[in-house]
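This report follows the packing of a protein model from its strands to its side chains. Please keep the sequence and the coordinates at hand while reading.

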Amino acid sequence: MNSVVIVVHNIPIRPEVLAMTRICMETLHQTADRDYQQILIDNGSRDGGETLELLKSYRHSDADQFLSSEANESISKCWNDALAVAAGEVVMLLNNDVVFQRSGWMSALEDAALGANVGAAGSKFLNWNGFS
């Protein structure tokens, strides 16, 4: 099993944050080709709990974890909090604006991360126009 960590910070003047998060979560669920635990973090959103409720609506496993903080913390603190509860052999730290385009990405990243003499693995990210 892998652990997928996604951190979200939403404020009312940025409605695109939740729209991006919905796309991220939907494409994650559509393309994941391995068993995974989600660790979804509401990082001090100021929207009356809307972000945390949205994240909880994407529960797919009893292993999923939902974390929240009152204040907007550094991304590294959020990742460290997630690592403390991660159950996966491989932990994938992702942004909430990622759009997963095809199945197989998770197994490829897992295989790379578990290779001999590998401490970390990443993927190539493309902007909306196809350029990195």
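In this predicted model, I41 stands opposite L67, a residue of β3. The two strands β2 and β3 run parallel and are joined by 5 bridges. They belong to an open sheet of 4 strands with parallel pairing, in which the order is β3-β2-β1-β4. Because β3 (65-69) and β4 each have a single partner strand, they stand at the edges of the sheet, and one side of each is left without a neighbour there. On average, and with direction ignored, neighbouring strands are turned by 20 degrees against each other.

Helix α4 packs on this sheet, where it touches β1, β2 and β4, and its direction makes about 125 degrees with that of β4. Within α4, the residues W105, M106, S107, L109 and E110 are buried, and the buried residues of this helix pack against α1 as well as against β1, β2 and β4.

Much of the account that follows concerns nonpolar side chains. The largest nonpolar core has 23 residues, and V4, I6, L28, M92 and W105 are those with the most contacts inside it. The elements in the table each supply at least two residues of this core.

| Element | Residue range |
|---|---|
| β1 | 2-8 |
| α1 | 16-31 |
| β2 | 36-43 |
| α2 | 50-56 |
| β4 | 90-95 |
| α4 | 105-113 |

Of the contributions to this core, that of α1 is the greatest, with 5 residues. A second core, separate from the one just described, has 6 residues, and V5, V7, C78 and A82 are included in it.

Which residues does L28 touch, if those up to four places away in sequence are not counted? They are V4, I6, Y36, Q38, F100, W105 and M106. Of these partners, V4, I6 and W105 are listed, together with L28 itself, among the residues with the most contacts inside the largest core.

Two of the residues touched by L28, namely F100 and W105, also form an aromatic pair with each other, which is stacked, with 4.5 Å centre to centre and 20 degrees between the planes. The structure holds 1 aromatic pair, and both F100 and W105 are buried. W105 thus recurs at several points of this description: as a buried residue of α4, as a contact of L28 and as a partner of F100 in the stacked pair.

How values were computed. Residues are numbered from 1 along each chain as its sequence is written. This is a predicted model: local features need pLDDT of at least 70, side-chain atom pairs count only at pLDDT 80 or more; totals for chains, interfaces and linings use all residues. Side-chain values use heavy atoms; hydrogens and water are left out. A nonpolar core is a set of buried Ala, Val, Leu, Ile, Met, Phe, Trp, Tyr and Cys residues joined through side-chain atoms within 4.5 Å. Buried means under 20% relative accessible area, exposed over 50%, partly exposed in between (1.4 Å probe, protein chains only). Contact means heavy atoms within 4.5 Å. Two strands pair if DSSP finds at least two bridges between them. Axes are lines fitted to C-alpha atoms, for helices over the stretch in contact, and angles run from 0 to 180 degrees between N-to-C directions. Rings of Phe, Tyr and Trp (its six-membered ring) pair if their centres lie within 6.5 Å; planes under 30 degrees apart count as stacked, over 60 as edge-to-face and the rest as tilted.
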